[in-house]
Structures are given as C-alpha cells and as structure tokens.
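These are my notebook entries from one sitting with a single structure. I set down what I looked up, entry by entry.

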Amino acid sequence: MSHPHPELSSPPPLGKGALRIVPLGGLGEIGRNMTVFEYDGRLLIVDCGVLFPEEEQPGVDLILPDFDHIRDRLDDVEAIVLTHGHEDHIGGVPFLLRERPDIPLIGSKLTLALITAKLGEHRIKPETVLVEEGERHDCGPFNLEFFAVNHSIPDALAVGIRTPAGTVLHTGDFKMDQLPLDGRLTDLAGFARFGDEGVDLLLSDSTNAEQPGFVVSERNLNEAIDKVFRTAEKRIVVACFASHVHRVQQVIDAAVQHGRKIAFVGRSMVRNMNIARDLGYLSVPGDTIIDAKQLDQVRPEEVLMVCTGSQGEPMAALSRMANRDHQIRIEEGDTVLLASSLIPGNENSVNRVINGLTRWGAKVVHKGNALVHVSGHASAGELMYVLNMVHPRNFMPVHGEWRHMRAHADLAKLTGVPSDRIVIAEDGVAVDLYKNRAKIVGAVQAGYVYVDGSSVGDVTEASLKDRRILGDEGFVSVVVAVDSTTGKILGEPEIHTRGAGISADAYDDVVDRIQDALDKAARDGVNDPHQLRQLIRRNTGRWVSDNYRRRPMIIPVLVEV
C-alpha cells in the first residue's frame, strides 16, 4: 500500500497527461468532504462540506475545508459536483461561493434545491446545472457520468469522471438497500458497465468498512416505529437529521395511521421538509400538518413533532427542550424517538440530551434500545460487491476515519487490487494518476478553518487552547502599576479571578512574591514591559500550581505610570 508521510513536501507541477486528486477534507474524519481534481490546468471539485465541532472546540459553529490550495485558482474551477444534500457535503459551498459566486453547481433536483435555499440565506444566487442518473455532462476536460445510489437522503449520485489521463469513479455516500423506501436502487449495472470500460481509480465510501455483511433495509424499521406510536401515552417527538426525508416519511405515515397531527420544529427542518414536499419527495396529507404554534390546541395523544437535534447539537430544538430552554416543554408521559445513528464524537452530547429528556419524564427510544435507525452507508459485504464489479486498477478509500479507510483497503486487497495500487491518503495529500498508476506525490495545506459567528478563519488552534484553559481552569488577572522609567512597582498588585476555584483572600500570599520579584527586576535595571509581564505570569502561575495543582490562564496587566 502507498501511505502518506508526515513530512511530505509540496507536490511538483502537474505533468502533462496526468490527473491530480487532492482531498481537502473527508479523509481521517467523518465530514468536511471535498476533493479537487486537476487536469490540464483546470479544476473540478466534488462536494464541499462542513464538519461539526466537538467539545474541545468551544465556541466554534462549523469547521470548513481549507481553501488556500485553490484560492488563487478559483478562475480555473469548472464546477462543483454535489453528490447529495447532506451538510457534510454541501455545507461549505456558501463560504466558497463568497469568493467566486459564479462557480456552477452540478447536482440532482433535491440537492440543488437544498443548496439553493441555503445560499439564499447568504444572499447568493447560484448558477446551477441539473443532472439525473444516467446522464453525461461535459465540464471542460472532464466528462462526467452520473449513477443513482441509495443513501439516507433522496437523489444521491455517484459520479464517473473521464479524462485523457484516466477514468475515476467516485461513489459518494452510498449503500445497497434492496428494498429502498423510494424504490430507487443503487445502479449496480451502471457500476459494472463503467468497470468494464476500465476504471483507473475508485474512490469509495469507507464509513462502514468495519461492519460485516449488508446494511438492513429501511423498511425493517417500520415495526419499531409503529410500536412507538402504539404505546406512546402522550406527545411523540421524533428527532432526526433535517435532510433525512425517508425517515420523516416513515414517521409521517405512522402518524397518519394513528391519527396524529404533525408539526415540524426547527428552522432547518421546516425549510427542508417544505422543499421536499414541494418537489414531491415527501407525501403529507394536507390536513395533517399544523404549525408548531398550534400545538396547545391539540390533545397531547394526537401530536407528533419532528425536530432536529439527534446528535445533541447544543442549539438544536431537542437539546433546548432537554435543557428547558425551548417554548416546547417536555412533560411526563411524552415519548422521544432518536431516529439516527451516532456520529463518532457525539456520544457524550447525545447522552446528556437523553438524560435531560428522561429527567422531565419522557420515555426515550433510541438505537441502543430499539431498531429505529439503519445506516446510510454500505457495510463490508456491499463494499466488496462494488470492488468486484468495478475491478479498479487503483483504489483509494475516502469518507471515513483512519480505521475505516484501512479496513476498506484490506477489503480491496481481498478482491485482488494489488497492495502497491492501494493509496491510503489523508487530507491535503496529492495523488497523481499517470499511465494507469496512482501514487502520492506531495501534500498541500489542508487544516481546519473555524467558523465562529460571522468570523471565518480568525479562530486558531491557539485561540481554542486558550478557550479550553478558560473553560477548564478559569483565569487570574494581575494588575500592576509601575514607573514607566524605572520599572519600579507603584502600590500593591491587584488580583482578579474567575472560575479558578481559589478564594480571593488566598491571593494575599502571592502579592508579596510578585512585589519582591518586581523590586529585584527594578534593581537589576529590567524595565521592559514584556519581561515584566512574563515575570508576573511565572511567579503567579508557579504559586497557583504549587499550592492548588491547577493551571488557570494568567493574565498580567501592566499599567505604566
């Protein structure tokens, strides 16, 4: 296998007749999917998604791919191909289009409707190109062919990319549900035909590569969902992704069968379900939907609410209900159904929400105690099926953490792909396809770009480290007035503290230490403000550490008089 190296240098200029693939996100992680293809000076982007922050990234709203690699070449971008409408594949598009609004967006009907609505909130009107499975589309030197794939959102596509340098198949996110709710099967015949033409490189979804067998059909959930509706005493709240139209359709069907009115709760849920209904992807009887403001007018046992927050997102509707920070109050006898799987890293957040809901008397049904969700990603049996049908000359696992990608690489070896033609890369690693061989040729910058409110990229790792320290240990500020000429201390230092867990009176012990250190510095002729601040920080920090085994942020404030 070809492995990335932590000390890879910048890739050389792309040679004539070669195709370069640079993933800027989605490798070694679940989310932030973005891959750049380059041929003959032109660029094609497949997906541009976001990653949601974890607990150790306080204050961060979203994490974007780093666009620096293409920022000076945006005029070379032919288009952005969007495989489907999930946030981890389209959420970064508004931020890229801020830099060049007229990049064409290529995608299916629902995907383009979702991204157009999102871009409307950013006051961007995109240039869109509607495609369907089975179609081919020329995009500069890239000839694209689209294949239907089954996923946890309608209208998902895989894309075949033909270039003079070779042929690539990018599966996007997919599974092989043989009884999909919408009847739209993954186009295995198309994959096989494309494979017969000769696929030089397969990029395939690795998320469930460790899971043996085949994913259970979505239809298998109907019994568990029906049981929830049969046994619920009062209101039912279903939390799922705002884009999971199939799951919402299942609970709507159950609600209609059991005589419940339906209210969508949460801005993204209301927006996406309205789009899906308008386009015919969601079937809802006209008298079934009510506004969330009308819930008080309906008996509790006749209510179904569909909301966001299945991943424990702090600002989503379900988390706010659990925290009693929402106009909808969870009450004794309510039933909450978490109709989604856990994204790795969200376990603690989801457990907090479950505990909060249970505290107020709700019965919480989730994947751990009922069959209420199946994955949208292919398991090992399905992945091997695709590898055997496509029989690629080279293979590169994508979309997954390291363990997923390595497991997928092992599957490729089992199906006959030579080890030296399996490329396990990471974000930023450049892979060149030349004369039917794929190999790593260097790496570009592909770090995290943090969105914090209206700020994009201003928050750094150092900023997050400071936030973590403040959140975990608090801070101590030391205000000292000194003579601007001699550096001699004027008066007694003032100490202010927040969250450090140390009594204000206790700091009397360190005041003398700070005064002695500053007096000695003045006698030695030290009057540089930076050196004096460091002196204050060291002495205060050492005292706190020695006496309390804590490491709060020390903020020295020097007032020169």
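**Entry 1: Charge on the surface**

I began with surface charge and found that E492, E494, D508, D509, D512 and D516 gather in a patch of negative charge. I note here that the model is a predicted one. I then asked which element gives the most to the negative patch. Helix α14, residues 508–523, does so, with four residues. I looked up D508 as one member of the patch and placed D508 in helix α14. D508 has a relative accessible area of 51%, and because the cut-off for exposed is over 50%, D508 is classed as exposed.

**Entry 2: A nonpolar patch**

I next looked for nonpolar side chains on the surface. L490, I555, V557, V559 and V561 make up such a patch, and together they have about 360 Å² of accessible area. I located V561 in the segment that follows β25 (553–560). Is V561 buried or exposed? V561 counts as exposed, its relative accessibility being 58%.

**Entry 3: The whole protein**

I recorded the overall figures before going further into single residues. The protein has 561 residues, of which 55% count as buried. I noted 15 helices and 25 strands in its secondary structure. The C-alpha trace spans about 85 × 70 × 45 Å along the principal axes. I put the accessible surface at about 24,100 Å², with 46% of it belonging to carbon and sulfur atoms. For contacts between residues at least 6 apart in sequence, I found that 72% join residues at least 24 apart. I also took down the charged side chains: there are 60 positive and 79 negative ones, and the centres of the two sets lie 1 Å apart.

**Entry 4: Salt bridges**

Side chains of opposite charge can pair when their charged atoms come close. I therefore asked how many salt bridges a search of the whole structure finds, and the result is 29.

I looked up the pair R32 and D427, which forms a salt bridge with the closest N and O atoms 2.9 Å apart. This pair links distant parts of the chain, 395 residues apart: R32 is in the loop between β1 (19–25) and β2 (34–39), and D427 is in the loop between α12 (402–414) and β19 (429–434). I checked the accessibility of each partner. R32 is buried, at a relative accessible area of 1%, and D427 is buried as well, at 17%. Both are classed so because the cut-off for buried is under 20%.

I turned next to E78 and R42, whose side chains meet in a salt bridge with an N to O distance of 2.7 Å. Here too the pair links distant parts of the chain, with E78 in strand β5 and R42 in strand β3 (residues 42–46), 36 residues apart. R42 has a relative accessible area of 26% and is partly exposed. I found that E78 and R42 also belong to a network of salt bridges that links E38, R42, R73, D76 and E78.

I then examined E197 and R162, which meet in a salt bridge at 2.9 Å, N to O. E197 lies in helix α5 (residues 188–197) and R162 in strand β10 (residues 157–163); the two are 35 residues apart, and the pair links distant parts of the chain. E197 is partly exposed, with a relative accessible area of 47%, whereas R162 counts as buried, at 12% relative accessibility.

**Entry 5: V77 and its surroundings**

I returned to strand β5, residues 77–81, where V77 is found. V77 is buried, with a relative accessible area of 1%. With which residues is V77 in contact, leaving aside its neighbours within four places in sequence? I listed R42, L43, I45, R100 and I103. R42 in this list is the residue that forms the salt bridge with E78. I also looked up one C-alpha separation: V77 and G140, 63 residues apart along the chain, have C-alpha atoms separated by 9.4 Å.

**Entry 6: I30**

I closed with I30, which lies in the loop between β1 and β2. R32 is in that loop as well. I30 counts as buried, at 19% relative accessibility. How far apart are the C-alpha atoms of I30 and R533? I recorded a separation of 43 Å for these two residues, which are 503 residues apart along the chain.

Conventions
Residues numbered from 1 in each chain as written. Predicted model: local features only at pLDDT ≥ 70, side-chain atom pairs only at ≥ 80, totals over all residues. Heavy atoms only, no water. Patch = residues over 30% accessible without salt bridge, like charges linked within 9 Å, V, L, I, M, F, W, Y side chains within 5 Å. Areas by Shrake-Rupley, 256 points an atom, 1.4 Å probe, with all protein chains shown as cover. Salt bridge = Lys/Arg side-chain N within 4 Å of Asp/Glu carboxyl O. Buried < 20%, exposed > 50% of the residue type's maximum accessible area, 1.4 Å probe, protein only. Lys, Arg positive; Asp, Glu negative; His and termini not counted. Charge placed at Lys NZ, Arg CZ, Asp CG, Glu CD. Contact = heavy atoms within 4.5 Å.
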